[in-house]
Amino acid sequence: MLIFTQIFRNLFAVLRHWAKVSSSLVLRLLGPKASPNDDIEHQDDIKRHPTPPPPSLEYIPVYGEWERKRYPNWPDARFQIPATKEHAGQVYYLRKGDLVDASANPLNPTEERMNREDVAREAEVYQRLSSGDGNDMPTIPKFLGWDAQSCTLTLEYQSNGDLATYFRDNDAASRVDLETRGKWATQAARALASLHDKQVIHADVAPRNFLLNSSLDLCICDFAGSIFPGSPVKTGAPGSRYQAGPWGRGYVPTKADDLFALGSVLYLIMTGHEPYVELMDIEVERRFQAAEFPETGSLQYGSVIDDCWHGSFPHPRFAQLFLFVHFIRLLADNEPSSQQTPELDIKVKVLLSVLRASEGTTSTPIMYVPDVQKMATAGLALAGVQLSTYHRLTLLLLALGLPPYDRLTQDPSRLAGDTVSKGSVLDYAVEKCIDKDGNVRCSKPFPVRKESCYKLEWSTDGTFSHTTVEIRDAGSGEMVYYRDTNGEWKPEKNELVYLDFKPKVWGTGNDTVDYEVKKCDKDNEL
């Protein structure tokens with residue numbers, strides 16, 4: 001009986017469940033459908049009685065998975081957003097990030113030290129070039145201060161940025177007139193010359209390192225890699241379009257490298273783009289190494305650019321002078337005589353007279369050029385001397401009020417007694433007056449007069465010389481006299497000459513030669 005009772009109870013429970021399901025289904029099928037109006041009324045009710053916003057928001061961070069390394073013993077719940085909130089205003093968010101070793105400086109200490117050294121070197125160059133009396137060179141940004149503790153260098157602001165960016169991003173750059181380009185070319189050469197005069201090799205001459213101020217005047221900057229007496233050597237590189245060849249590891253840039261790069265800077269100034277802009281760097285490097293340079297014959301100042309690339313200028317001051325002369329002639333050709341600018345003063349007339357005399361375009365004798373007394377006093381304007389390139393350079397220097405270049409001109413007023421020329425040079429083992437390393441291998445030019453007597457004396461490293469003295473014309477480089485031992489010489493004409501000392505034995509040399517040229521005891525005139 002009990003068994004049957006239990007069976008009926010279970011059966012009744014199953015039937016009751018299905019009866020409820022069936023009843024619910026029948027009611028849902030037979031009941032009225034909900035109308036759209038009911039939904040609208042429900043939405044209106046929500047609008048009339050909105051859920052009030054939480055009185056405040058509470059942002060609660062949750063540790064991210066990346067932090068498990070830091071807290072390995074914490075439970076998983078600490079790294080998960082909770083399923084429930086204590087109030088509606090709680091906002092949980094996962095923290096994002098990464099672990100950093102707090103004991104280590106996130107900056108690279110070696111790079112930081114090197115960067116500080118670069119800025120300190122740059123500050124030292126600015127201090128070296130600045131006079132300290134407010135009359136700083138206009139070829140560099142004005143130096144305003146240096147704080148070694150914070151490693152902060154303060155310079156005058158150059159509002160038109162660097163030359164490379166100006167040509168690349170400025171629409172007005174394509175419309176820069178020839179006069180402005182000529183001004184920039186002259187200022188670039190002048191800037192480099194001012195560095196070399198102070199024995200500073202820039203070693204990174206490129207358009208990005210020339211700045212333009214609000215008046216569009218050019219100055220040179222960025223001396224972090226520069227070389228000067230007492231400084232460590234740090235080799236950088238201006239780029240393949242500004243190098244005669246690749247600079248290997250340990251290469252020490254020279255002034256000649258600066259002058260080569262100046263040629264490429266001048267090329268950009270005159271054309272608006274870099275040399276071989278359409279070629280890959282490796283091809284440019286190959287062509288420059290082979291001395292295959294872009295055509296410059298059609299460019300204004302093209303001859304100056306070409307001379308820079310071929311190493312014809314021993315100092316940027318000469319490039320500056322030739323650029324200046326081209327610039328002045330451009331002004332003279334384009335400027336009506338009634339509206340000539342202040343630059344076309346008596347000095348410009350001197351320059352033009354010198355040029356015309358040298359080119360045979362005027363019959364004006366050289367001795368009638370204004371300021372000739374100054375030139376004669378310097379011993380560089382001699383009656384009957386044919387005007388050579390060197391004469392032209394010397395006269396230009398004097399007309400500009402500049403002293404003759406120290407390494408190539410000899411001021412007789414500085415020499416004592418009957419001494420005409422005196423100094424020390426390397427011998428002529430490398431047949432260049434200034435070799436690729438900047439070593440001087442020729443004497444400074446000096447004037448001689450026809451049939452006057454000169455005594456030549458020289459020695460190598462303080463001993464009897466193993467070299468032959470060669471006397472060459474300063475304009476043409478042709479040898480006019482030579483001798484193996486100390487002795488006398490009488491020139492056959494008035495001219496400007498220099499000395500070199502050729503080793504007697506091939507394959508030897510590269511020694512220092514001390515020389516002196518005196519007037520003979522019996523000769524009292526020069």
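Mentor: Two strands pair if DSSP finds at least two bridges between them. With that rule in hand, we can look at this predicted model.

Trainee: What makes S10 and S13 a pair of strands?

Mentor: Between S10 and S13, which covers residues 495–503, there are 7 bridges. The rule asks for at least two, so S10 and S13 pair, and they run antiparallel. In one of these bridges, Thr-468 has Lys-502 of S13 as its partner.

Trainee: How do you know that S10 pairs with S11?

Mentor: By the same reasoning: S10 and strand S11 (residues 479–483) are joined by 4 bridges, and at least two are needed. These strands also run antiparallel. Opposite Ile-471 stands Tyr-481 of S11.

Trainee: Why is S10 called largely enclosed?

Mentor: Strand S10 spans residues 467–473, and 7 of its 7 residues are buried, so the rest of the structure largely encloses S10. Thr-467, Val-469, Ile-471 and Asp-473 point one way from the strand, while Thr-468, Glu-470 and Arg-472 point the other way. Residues pointing either way are buried.

Trainee: Why is Ser-421 called buried?

Mentor: Buried means under 20% relative accessible area. Ser-421 has 0%, so Ser-421 is buried. This residue lies in strand S7, residues 419–426. Its C-alpha atom is 7.5 Å from that of Lys-444, although the two residues are 23 residues apart along the chain.

Trainee: What makes Cys-433 and Cys-442 a disulfide?

Mentor: The cut-off is a pair of cysteine sulfur atoms within 2.5 Å. The sulfur atoms of Cys-433 and Cys-442 are 2.2 Å apart, so the pair counts as a disulfide.

Trainee: Why is this disulfide, between Cys-433 and Cys-442, called left-handed?

Mentor: Its torsion about the S-S bond is about -85 degrees, and therefore the disulfide is left-handed.

Trainee: Are Cys-433 and Cys-442 buried or partly exposed?

Mentor: Cys-433 has 27% relative accessibility and counts as partly exposed. That class lies between the cut-offs of 20% and 50%. Cys-442, at 4%, counts as buried.

Trainee: How do you know that Cys-453 and Cys-520 are bonded?

Mentor: Their S to S distance is 1.9 Å, and the limit is 2.5 Å, so this pair is a disulfide. The torsion about its S-S bond is about -65 degrees, so this disulfide is left-handed. The pair links distant parts of the chain, 67 residues apart: Cys-453 is in the loop between strands S8 (446–448) and S9 (454–460), and Cys-520 is in the segment after strand S14 (512–519). Cys-453 counts as buried at 2% relative accessibility, and Cys-520 counts as buried at 2% as well.

Trainee: How many disulfides does this give, and what is the pairing?

Mentor: The rule gives 2 disulfides. With the bonded cysteines of the protein chain numbered in sequence order, the pairing is 1-2, 3-4.

Trainee: Why is Cys-219 in no disulfide?

Mentor: The nearest cysteine sulfur to that of Cys-219 belongs to Cys-221, 6.6 Å away. A disulfide needs the sulfur atoms within 2.5 Å, so Cys-219 is in no disulfide. For Cys-221 the nearest cysteine sulfur is that of Cys-219, at 6.6 Å, and Cys-221 is in no disulfide either.

Trainee: What makes Cys-219 and Cys-221 buried?

Mentor: Cys-219 has 4% relative accessibility and Cys-221 has a relative accessible area of 9%. Buried means under 20%, so Cys-219 and Cys-221 count as buried.

How values were computed:
Residues numbered from 1 in each chain as written. Predicted model: local features only at pLDDT ≥ 70, side-chain atom pairs only at ≥ 80, totals over all residues. Heavy atoms only, no water. Buried < 20%, exposed > 50% of the residue type's maximum accessible area, 1.4 Å probe, protein only. Helix = DSSP H or I, 4+ residues; strand = E, 2+ residues; numbered from the N terminus.
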